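Let's take a walk through this one together, going from the layout of the fold to the charged pairs. Keep the viewer open so you can click along.

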Amino acid sequence: MKILPVLRCLLTVALVCGAAGYAGAQGFPNKPVRVINPAAPGGNSDVFFRLLAPKMTEVLGQQLVMDYRAGAGGTIGGEIIVKSPPDGYTTGIVAASFVINPAMIRKMPYDTRKDFTALGLIVDVPSGLVIHPSLPVKNVRELIALARVRPGQIFYSTSGRGTVGHLASELLNHMAKIKLVHVPYKGAGPAVIDLIAGQVQMQFASIPLLFGHVRNGKLRMIAQTGAERSVSARETPTMEEAGLPGFVVRSGFGFVGPAGIPKPAVDKLNGALVAALRDAENRKILIERGADPVGSTPEEHDAFVKAEIARWIKVGKEAGIDPQ
């Protein structure tokens, strides 16, 4: 039968192509690596990655080139990553929206669980719960007590619907059985400015964004949302310590690529990231800015993504937030 020679030919071609792909991955990288940033310049993801890029470049022997593709809650940049060749030369840095979007967007342009290669968690940035100094409370218990006697009269600002700050506040509403009112803004800057001005009374936002305002007394941080106290805010209790067991909100910044990147390339990209995060000066700067360095394995990062997606879908449902 003639079919056997044809099958042998196809098998030979497949083996040759596979071997070529593996050899290419073994020699990776031999040109610059593009890093898609689904956010605008100047944000946390930009600041963190630019700090780490020199050491990563040193380890890889190739430049990392930032490519900003902001919009649609990070899904524009995400779609570019997903549709890129899985050769390791197109990567991306993603923030909390990466794992929150499946709970907030009804029709995603990709499957976050399946369409990406996890290359390692970069940092974990817990949020801080800050209040305007005029609000007559000193801790979370007093805030909850005040909210119960003033339902619908305490307003919280966020950088927009579906953000960490929005879901954290609605989680507080749900767990404490209170009614805080959402005031969404177009960006973190305006949300903080109006909080400082007293137009709103409270906010959950990333600790790096809040540090300066807390230090100069314009805002008061009464809690943080990590499972443990952040190394950058040891004096501030967690929400769990404040009396809300299970209230943990993480904001993991991750390094990703399209699904299917060969393991040798994955290992080299992850190795460069981990080396940059182990650098003593880099760690010092990250901690000073309110970020806890992680440097996980790809497998740990993948498990984190899946667990966080499931968690935020659950939080969204419990808070009564319908995907749009």
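Start with helix 11, residues 298–318, which lies across strand 4 and strand 10 and runs at about 85° to strand 4. Bear in mind as you look that this is a predicted model.

Now for the sheet underneath those contacts. Six strands make up an open sheet with mixed pairing, in the order 2-1-3-10-4-11. Strand 2 (64–68) and strand 11 (292–293) are the edge strands: each has a single partner strand, so one side of each has no neighbour in the sheet. Helix 9, residues 263–278, also packs on the sheet, where it touches strand 3 (90–94), strand 4 (116–124), strand 10 (252–258) and strand 11. Its direction makes about 5° with that of strand 4, whereas helix 11 runs at about 85° to that strand.

Back at the strand 2 edge, strand 1 (residues 33–37) pairs with strand 2 in the parallel sense, over five bridges. If you want a spot to zoom in on, try Arg34, whose bridge partner in strand 2 is Val65.

On to the charges. How many salt bridges does the model have? The count comes to eleven. One of them joins Asp124 and Arg250, with the closest N and O atoms 3.5 Å apart. This pair ties together distant parts of the chain, since Asp124 is in strand 4 and Arg250 is in the loop between strand 9 (220–224) and strand 10, 126 residues apart. Are the two partners buried or exposed? Asp124 has 14% relative accessibility, so it counts as buried, while Arg250, at 31%, counts as partly exposed.

Other salt bridges link residues within one helix. In helix 10 (residues 280–288), Glu288 and Lys284 are four residues apart, about one turn of the helix, and their closest N and O atoms are 2.8 Å apart. Glu288 has a relative accessible area of 43% and is partly exposed; Lys284, at 44%, is partly exposed as well.

Helix 11 has a pair of this kind too: the side chains of Glu318 and Lys314 meet in a salt bridge at 2.6 Å, N to O. Because these residues are four apart in helix 11, about one helical turn separates them. Glu318 counts as partly exposed, at 34% relative accessibility.

Finally, there's a small cluster to look up: Arg34, Asp67 and Arg69 are joined into one network by salt bridges that share partners. You've met Arg34 already, as the bridge partner of Val65.

Conventions: Residues are numbered from 1 along each chain as its sequence is written. This is a predicted model: local features need pLDDT of at least 70, side-chain atom pairs count only at pLDDT 80 or more; totals for chains, interfaces and linings use all residues. Side-chain values use heavy atoms; hydrogens and water are left out. Two strands pair if DSSP finds at least two bridges between them. Helices (H or I, at least four residues) and strands (E, at least two) are DSSP runs, numbered from the N terminus. Contact means heavy atoms within 4.5 Å. Axes are lines fitted to C-alpha atoms, for helices over the stretch in contact, and angles run from 0 to 180 degrees between N-to-C directions. A salt bridge is a side-chain nitrogen of Lys or Arg within 4 Å of a carboxyl oxygen of Asp or Glu. Buried means under 20% relative accessible area, exposed over 50%, partly exposed in between (1.4 Å probe, protein chains only).
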